[in-house]
Amino acid sequence: MKKTFLSLLAFLMVLPAAAGTAPSDSVAARKKVAVVLSGGGAFGAIHVGALKVIEEAGLPVDMLVGTSMGSIVGALYSVGYDSNDIATMFRTMDWAELFLDREDQHRLTLSERDAQNTYFYERDFYVAGGIDPQPGGMIRGNNVERVFEHYLRGYTDSIDFLHDMPRQFACVATDLVSDSEVLLTQGSLVKSIRSSMSIPGVFTPVHLGDMVLVDGGAKNNFAADVARKLGADIVIGIKFDLELGTVKEYRKLMDVMERSAGSDVSRRARENEKFCDLLIKVPVRGFTSGSFSAGALNNLMERGEKATREKMDSLLLLKAQSGAQPGTDYSMHLRNIDNLDIDDDDKGGLIDTRKDNTIVAAMGLRFDSEDLACAQLNGRYFLGGRLNKELNLTMRLGLRSMLRLGFDIEPWKFKTMGLSYEFWYKYSDIYTKGKRNNNLSLIYQHANLKLLKLDAMNFDCEVGLGWEHYHIFNKLRNDESVLFFPSNEHYLNYHARLRYNNEDRRYFTQRGMRAEAQYAYYTDNFAQWKGHSGFSTVMALWQMTIPLARNTHLRPGVMGRLIFGDDLPLMVNNMAGGLSYGKFFPQQLPMVGVGHAEFFSTKYISASLRLQQRLTGRHYLLLDGSVAERNDSLGDIFDRNPLWGVQLSYFYNSGFAGPLGASLRWSSHTHRLNFFVSLGFDF
């Protein structure tokens, strides 16, 4: 009955104006309407659904006041995106990447891309007297600023948010210096929302004059009072409802943290409810502020829409009270995400991310059925100076423990020279046709003199000299093994490598191609091998991604490794198996269906085909097939029965932590069904 009465009242108030000709609208001729959007991380998705219903009601929105995630939604709405555009952004945005400091991989060298796709966390530190301009947080928020500079193009310079934008905008931050609330209404729009969402300790604070700004939610997570101070006549407040009045056991860590940390903020938010003419509280039970999965965001947007639609009668009444003109379009849809091409941004080629007197530290973690658990740490010290000197240290802990030291100089831009040394302790099983016949404990050493490396867009090449040494100190074998491993082997080589890669991403590629070619000439004295000519290895691979549909891609590929020469040492022979290049031995090639590394003939080639299907969100189903040929004579390589294998995999693309999934595989070579679990980036 109440809803019917409100609807009738709204209709009667609008009817007189509808009877005549609608005059042109101006804010001065009616009441100013403000929408206040609360903070709350992923809970901010409720605002998108709420704005959709406000648009349907035809209610004019003259001002947006937001905190934290509410400031992001408010800024996007203020520059002219509508709710559908913002919903599309929420659904398609890679939130895991957004909240990290990863660079656009197409602006990095291939070596830097490899590093970025190995480590889940990277952070730079200033040393030797350098002063970090933004300390105090784990994440610098570079991607947040980059993405919103794109979406808010045209409003990224110093502007007045109350006069220079289609809709007035304001957001709230917290100044750590004065421990006070800060209202941001001018300056850089991107820096302002970056300040408002900077969770203390997670994101680095934003330094603005004498202020050090962090998340506005620490002081005022629901700034309805600010909207009144800025002259709003009608205030509509949208906030999430944690349903604190319900009985809750608080067994989950996130629930406990959100409840305990937000007590004072919740009290302030409840006090600010009195400034609202209409308060829309959206229940978010079952989710947390970190629920950024596609399904969770969709559900939260739907909840925001539902809760606001239940207030439709009140919205229509406020519309009438505001003096809104019947028949006037107040949507102000000035921007369309479909016409916003991200390729319009100038990528500007390769970028140099190094800063003098900085150390960049990175960490990677991985779990799988073969390695169990392993961790890798990397530190790069940029000394800078005339030759851009760099020290590099990498340490790996696991069944394959490794220590690597390197020193590089850059005589010319993106052209480097250097020296590196690697020490590996490996514990490896050697299989023959899927059956474990040997077990090795060995030390592998590798020194490399990089004479010249050239980096270009999507391309690099390197020439150099190398030394390799194997010391096998524990050799176990069963009676079926035909392999006899030497205690010591060492050789010198001249080598060259060419790489090309324009893939859009390393994992779950949707477009692009990669190719690589390597050549090495081995000796024991830089001239000969055992008194005669040295032996050579040639390796090549090619892979391309072909889109079949929006979520379906085909990835054909070929690869091979050929060895030419006499008196070949066992440890340089071809090896194939598993999913990774060079996992247990430098020359190891992946082979579909074969679970473990095996030795093969001196001539080995294979062709593969992958069907990649994105099921929904970050979930992928992969079907792989391959066929391989091998022989010791290149001319007779197709004379033997080919080996083939199949593999079915499911993976979840976690983004920052890498792919998480499992594979079921079988091959005609092993005649064994193999189950493999892989969690994390491949290294």
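How far apart are the mean positions of the positive and negative charges of the protein? They are 4 Å apart. The protein has 76 positive charges and 78 negative ones. Keep in mind that this is a predicted model.

Start with the whole chain. The protein has 683 residues, and 50% of them count as buried. Its secondary structure comes to 13 helices and 32 strands. Along its principal axes, the C-alpha trace spans about 105 × 55 × 50 Å. The accessible surface is about 30900 Å². Carbon and sulfur atoms hold 58% of that surface. Now take the contacts in the protein with a separation of 6 or more: 65% of them join residues 24 or more positions apart.

Next, go to helix α3, residues 69-78. Is this helix buried or exposed? Of its 10 residues, 10 are buried, so α3 is largely enclosed by the rest of the structure. Buried here means under 20% relative accessible area. The run begins with M69, G70, S71, I72 and V73. It goes on through G74, A75, L76, Y77 and S78. Just after α3 comes G80, which takes a positive phi of about 120°.

Helix α3 has a partner in α2, residues 45-57. Two packed helices are described by the angle between their axes and the distance between the axes. For α2 and α3, the axes come within 10 Å and cross at roughly 35°. The crossing is right-handed. Which residues make the contact? From α2 come H47, V48, L51 and E55. From α3 come G70, V73 and Y77. An α-helix has 3.6 residues a turn, so residues three or four places apart point the same way. Look at the α3 side of the contact with that in mind: G70, V73 and Y77 take part, and these three are also among the buried residues of α3.

Move on to helix α13, residues 312-322. Its buried residues are M312, D313, L315, L317, L318, A320 and S322. G323 follows α13, and its phi is positive, near 85°.

Beyond α13 lies a loop that leads to β14, residues 358-368. R354 sits in this loop. What does R354 touch, leaving aside its neighbours within four places in sequence? R354 is in contact with F382, N388, E390 and E410. A447 can serve as a further reference point: R354 and A447 are 93 residues apart in sequence. In space, C-alpha to C-alpha, R354 and A447 are 25 Å apart.

Definitions and conventions. Residues are numbered from 1 along each chain as its sequence is written. This is a predicted model: local features need pLDDT of at least 70, side-chain atom pairs count only at pLDDT 80 or more; totals for chains, interfaces and linings use all residues. Side-chain values use heavy atoms; hydrogens and water are left out. Helices (H or I, at least four residues) and strands (E, at least two) are DSSP runs, numbered from the N terminus. Buried means under 20% relative accessible area, exposed over 50%, partly exposed in between (1.4 Å probe, protein chains only). Contact means heavy atoms within 4.5 Å. Accessible areas come from the Shrake-Rupley method with a 1.4 Å probe; for residues, only the protein chains shown count as cover. Lys and Arg count as positive and Asp and Glu as negative; His and the chain ends are not counted. The place of a charge is taken as NZ of Lys, CZ of Arg, CG of Asp or CD of Glu. Axes are lines fitted to C-alpha atoms, for helices over the stretch in contact, and angles run from 0 to 180 degrees between N-to-C directions. A crossing is left-handed if the near helix is turned anticlockwise from the far one by less than a right angle, and right-handed if clockwise.
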